[in-house]
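Reader: I am new to this structure and would like to learn how to read it. Please take me through some of its features, one at a time.

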Amino acid sequence: MSQSITIPRPDDWHLHLRDGAMLAGIAPETARHFARAIIMPNLVPPVVTSADATAYRERILAVTSADFIPLMTLYLTEDTDPADVVAAHKGGIISAVKLYPAGATTNSASGVVNFENVYPVLEAMAENGIPLLCHGEVTDSEIDIFDREAVFIDRVLDPIRQKFQGLKVVMEHITTADAVAYVQDQPENLAATITTHHLVINRNHILVGGIKPHYYCLPVAKRERHRQALVNAAISGDKRFFHGTDSAPHTDDAKESACGCAGCFTATNTLSILAHVFENGSALQNLERFTSRNGPGFYGLPVNSDTITLVKSDSPVEYPAKIETDAGPVTVFDPGFPLFWRVVQ
Ligand code: NCD
Ligand code: ZN
């Protein structure tokens, strides 16, 4: 007998859509199933002003279905003008501001070096209820890459949150038990996104039996005990944890390189993977909190009124191994096991 589950249409609270030919090629993979997505601003050059965000939004709308809503963000730099941020948020142009420590990840060269230089922006954001989305890794060369998230909490995030107590903050794409525990311990103006791939892979998947460039992303996947902490947080239904794919396309030649780019492309099969993870955790009843309810709750938006249905069948779901774009092929994330949950709309 086939099993099915119907949930409010999901949103993606952390997504990279890129620009140009890549945008045109991969945006439909998200718009097919998701109603809204928080769009990351790490283009080259980055989306730093409300005018940049308006123009980028138009380019996204030009290649997506009419009912897909991109929720725009600004890339925080040491030159960001607090008045521009507040006006963009009041005008409904942006939903949040993204903090990249300079050099932390793909296209983060314009990020913040000296956090005190962005205090005026953070103050204005706290006063106006504008969420700060953090790429939570320090970049100091002496800090081991597997420790960079935990150190970010102590050295950067907690001091900022102490100073700006009203500031709404999302720790993006958390990868550690330390981040789960920190979020659980804090008031409700702190939340976290969890990606699809970090619920599935640990660092062995990247490194054992040969290096797997398509599993390399930032923050890098950690030990199995951290993956288990992420799964427990996601399936718990706790409203401070919600789904952000961090689907981050790079062409195969950029990934399969002597210096490969960070990013996993999960837009295509994300919902099938999530249903699998939640079923394995005996928590299918909480899938809709993670994908469709907790995110809008944090951002103060309505839950989507339409629904999607996932059906479990005996034969594995077929999905393309690659998405062919005019920028080049993009490999779809391989969870390493067959998927049986199919989105039937
Ligand atoms: C992202 C990208 O490619 O833009 N890469 C990644 O590994 N997640 C940037 C980011 O979110 O860190
Ligand atoms: Zn990202």
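Author: We will go through a metal site, some backbone details and some helix pairs. Keep in mind that this is a predicted model.

Reader: Let us begin with the metal. Which residues coordinate the zinc ion (ligand 2)?

Author: His14 and His16 each use NE2, and Asp246 uses OD, at 2.0 to 2.1 Å.

Reader: How are these donors spaced along the chain?

Author: The pattern for the zinc ion (ligand 2) is H-x1-H-x229-D. His16 sits in the loop between β2 (12–15) and α1 (20–31), while Asp246 sits in the loop between β9 (241–243) and α9 (252–255), so this pair ties together parts that are 230 residues apart in sequence.

Reader: Is the site of the zinc ion (ligand 2) tetrahedral or irregular?

Author: Four donors count as tetrahedral if all angles lie between 85 and 135 degrees. Here the angles among the four donor atoms run from 93 to 136°, and the site is irregular.

Reader: Now the backbone. What is the general expectation for phi and for peptide bonds?

Author: Most residues other than glycine have a negative phi, and most peptide bonds are trans. Arg18 is not a glycine, yet its phi is positive, about 60°. Arg18 belongs to the loop between β2 and α1.

Reader: Where are the cis peptide bonds that join Val44 to Pro45 and Leu218 to Pro219?

Author: The bond from Val44 to Pro45 is cis, with omega near -5°. Pro45 is in the loop between β3 (36–39) and α2 (50–61). The bond between Leu218 and Pro219 is also cis, with omega about -5°. For Pro219, the place is the loop between α7 (203–207) and α8 (224–235).

Reader: Next, helix pairs. How do I read the angle between the axes of α5 and α6?

Author: An angle under 35 degrees counts as roughly parallel. The axes of α5 (residues 148–163) and α6 (residues 177–185) come within 9 Å and cross at roughly 25°. The two helices are therefore roughly parallel to each other. Their crossing is right-handed.

Reader: Which residues make the contact between α5 and α6?

Author: From α5 they are Glu149, Ala150, Ile153, Leu157, Asp158 and Arg161, and from α6 they are Asp178, Ala179 and Tyr182. By class, this contact of α5 with α6 has five nonpolar, no polar and four charged residues.

Reader: What is the arrangement of α3 and α4?

Author: The axes of α3 (residues 82–90) and α4 (residues 119–128) come within 9 Å, with a crossing angle of roughly 25°. That makes α3 roughly parallel to α4. The crossing of α3 and α4 is right-handed. On the α3 side the contact is made by Pro82, Val85, Val86, His89 and Lys90; on the α4 side, by Pro120, Val121, Ala124, Met125 and Asn128. The contact of α3 with α4 has seven nonpolar, two polar and one charged residues.

Reader: At what angle do α10 and α11 cross?

Author: The axes of α10 (residues 270–280) and α11 (residues 287–299) cross at roughly 135° and come within 9 Å. These two helices are therefore oblique to each other. Leu271, Leu274, Ala275 and Phe278 of α10 make the contact with Leu287, Phe290 and Thr291 of α11.

Reader: How many of the residues in the contact of α10 with α11 are nonpolar, polar or charged?

Author: Six are nonpolar, one is polar and none is charged in the contact of α10 with α11.

Notes:
Residues are numbered from 1 along each chain as its sequence is written. Chains are lettered from A and ligands numbered from 1 in the order in which they are written. This is a predicted model: local features need pLDDT of at least 70, side-chain atom pairs count only at pLDDT 80 or more; totals for chains, interfaces and linings use all residues. Side-chain values use heavy atoms; hydrogens and water are left out. Axes are lines fitted to C-alpha atoms, for helices over the stretch in contact, and angles run from 0 to 180 degrees between N-to-C directions. Helices (H or I, at least four residues) and strands (E, at least two) are DSSP runs, numbered from the N terminus. Angles under 35 degrees count as roughly parallel, over 145 as roughly antiparallel, 65 to 115 as roughly perpendicular and the rest as oblique. A crossing is left-handed if the near helix is turned anticlockwise from the far one by less than a right angle, and right-handed if clockwise. Contact means heavy atoms within 4.5 Å. Ala, Val, Leu, Ile, Met, Phe, Trp, Tyr, Cys and Pro count as nonpolar, Asp, Glu, Lys and Arg as charged, and the others, Gly among them, as polar. Donors are N, O and S atoms within 2.8 Å of the metal (3.2 Å for Na, K and Ca); water is not among the atoms, so sites may look incomplete. Four donors count as tetrahedral if all angles lie between 85 and 135 degrees; four count as square planar and six as octahedral if opposite donors are over 155 degrees apart and all others between 65 and 115; anything else is irregular.
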